[in-house]
Amino acid sequence: AEPPNVTALRTLMHFTNPREDLVQVLRSVCSDLEIFGDAYLEVSAVLGVPVAVYSLDSASMSVLADVHGVITGYEQYVDAKRKVIFEPEQIIHFSQDAPRGGLYGIGPVQKSLVSATAWLHWSTCLSQTGRRGDPPRIHADLPRGMGTQEKQRWYESYMSQNLGVKNIATPIITQGGGNVQELSH
């Protein structure tokens with residue numbers, strides 16, 4: 001005969017919870033660890049024996065701890081008005097390593113988020129620069145007394161005649177005391 005703990009574990013492995021089997025729960029843990037760096041499982045027990053395990057949404061969970069970092073509980077925000085508080089023994093918390101340690105882990109997706117965002121921004125800037133024909137950054141000192149409409153007309157002329165692929169290396173022409181200087185090479 002198997003010990004009671006082994007029998008309870010086998011029972012739990014065959015029936016994890018009404019909506020998920022053990023494989024789905026473990027896949028949820030793995031994906032949450034890869035994305036968020038933390039995964040949470042709720043353990044339901046009857047008379048101290050676990051009878052069901054539920055995966056919890058990592059994005060809605062918070063760790064409650066005292067000033068020394070000792071975990072005192074977990075909190076899940078269901079929506080803007082409702083929250084659930086769990087005792088420490090009700091939750092199994094898996095955590096990836098974090099650079100400075102702490103209550104929360106950092107997943108590979110989070111670690112690459114800043115680099116990916118910077119790359120996307122740079123890619124967009126480079127695309128726009130190419131689309132405009134790699135224009136120089138200039139300062140235009142227009143003559144005094146030039147009205148608002150004349151300034152707008154000069155700007156529109158500059159945009160149509162000097163920016164874009166077909167206008168690469170086209171000189172900027174001014175008259176009447178206008179001065180144009182490149183800001184940087």
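Glu75 stands opposite Ile85 in strand 5. That pair belongs to a predicted model, and the description below starts from the sheet around it before moving to the second sheet and to helix 2.

**The sheet of strands 3, 4 and 5**

Strand 4, residues 71-77, runs antiparallel to strand 5 and is joined to it by four bridges. Strand 3 also pairs with strand 4 in the antiparallel sense, here over five bridges. Together the three strands make an open sheet in the order 3-4-5. Its edges are strand 3 (61-65) and strand 5 (83-86), each of which pairs on one side only. On average, neighbouring strands in this sheet are turned by 25° against each other, with direction ignored.

Between strand 3 and strand 4, Ala65 has Ile71 of strand 4 as its bridge partner. These two strands form a hairpin with five residues between them, and Gly69 in the turn has a positive phi of about 85°.

Gln76 lies in strand 4. Is Gln76 buried or exposed? Its relative accessibility is 13%, so Gln76 counts as buried, the cut-off being under 20%. The side chain of Gln76 makes a polar contact of 3.2 Å with the side chain of Ser60. Leaving aside residues up to four places away in sequence, Gln76 touches Leu56, Asp57, Ser60, Met61, Arg82, Lys83, Val84 and Phe86.

**The sheet of strands 2, 1 and 6**

A second open sheet of three strands has the order 2-1-6, again with antiparallel pairing. Strand 2 and strand 6 each have a single partner strand, so one side of each is left without a neighbour in the sheet. The average turn between neighbouring strands of this sheet is 25°, direction ignored.

Residue Glu42 has a bridge partner in each of two strands: Tyr54 in strand 2 and Ile91 in strand 6. Strand 1 and strand 2 form a hairpin with two residues between them, and Leu47 in the turn has a positive phi of about 55°.

The antiparallel strand pairs of the two sheets are listed here.

| Strand pair | Bridges | Sense |
|---|---|---|
| Strand 1 and strand 2 | Seven bridges | Antiparallel |
| Strand 1 and strand 6 | Five bridges | Antiparallel |
| Strand 3 and strand 4 | Five bridges | Antiparallel |
| Strand 4 and strand 5 | Four bridges | Antiparallel |

**Helix 2 and its packing**

Helix 2 covers residues 22-35, which is 14 residues. From its first C-alpha to its last it reaches 20 Å, close to the 20 Å expected at 1.5 Å a residue. At the start of helix 2, a side-chain oxygen of Asp21 comes to within 3.3 Å of the backbone nitrogen of Val23. Just after helix 2, Gly37 takes a positive phi of about 90°.

Which residues of helix 2 are buried? They are Val25, Ser28, Val29, Asp32 and Leu33. These residues cover an arc of only 130° around the axis, which puts them on the same side of helix 2. In general, an α-helix has 3.6 residues a turn, so residues three or four places apart point the same way.

The cover over the buried residues of helix 2 includes strand 1 (38-46), strand 2 (49-56), strand 6 (91-95) and helix 3 (108-131). Helix 2 packs on the sheet of order 2-1-6, where it touches strand 1, strand 2 and strand 6. The direction of helix 2 makes about 150° with that of strand 1.

**Phe94 between strand and helix residues**

Phe94 is found in strand 6. With a relative accessible area of 30%, Phe94 is partly exposed, which means that its value falls between the cut-offs of 20% and 50%. Residues up to four places away in sequence not being counted, Phe94 touches Val29, Leu33, Gly37, Asp38, Ala39 and Leu41. Among these contacts, Val29 and Leu33 are buried residues of helix 2, and Gly37 is the residue with positive phi just after that helix.

Phe94 and Gly145 are 51 residues apart in sequence, and the distance between their C-alpha atoms is 69 Å.

How values were computed:
Residues numbered from 1 in each chain as written. Predicted model: local features only at pLDDT ≥ 70, side-chain atom pairs only at ≥ 80, totals over all residues. Heavy atoms only, no water. Pairing = 2+ DSSP bridges. Axes fitted to C-alpha atoms, helices over the stretch in contact; angles between N-to-C directions. Expected span 1.5 Å × (residues − 1). Buried < 20%, exposed > 50% of the residue type's maximum accessible area, 1.4 Å probe, protein only. Arc of directions from axis to C-beta. Contact = heavy atoms within 4.5 Å. Polar contact = N/O pair within 3.5 Å; in protein donor to acceptor, adjacent residues only side chain to side chain.
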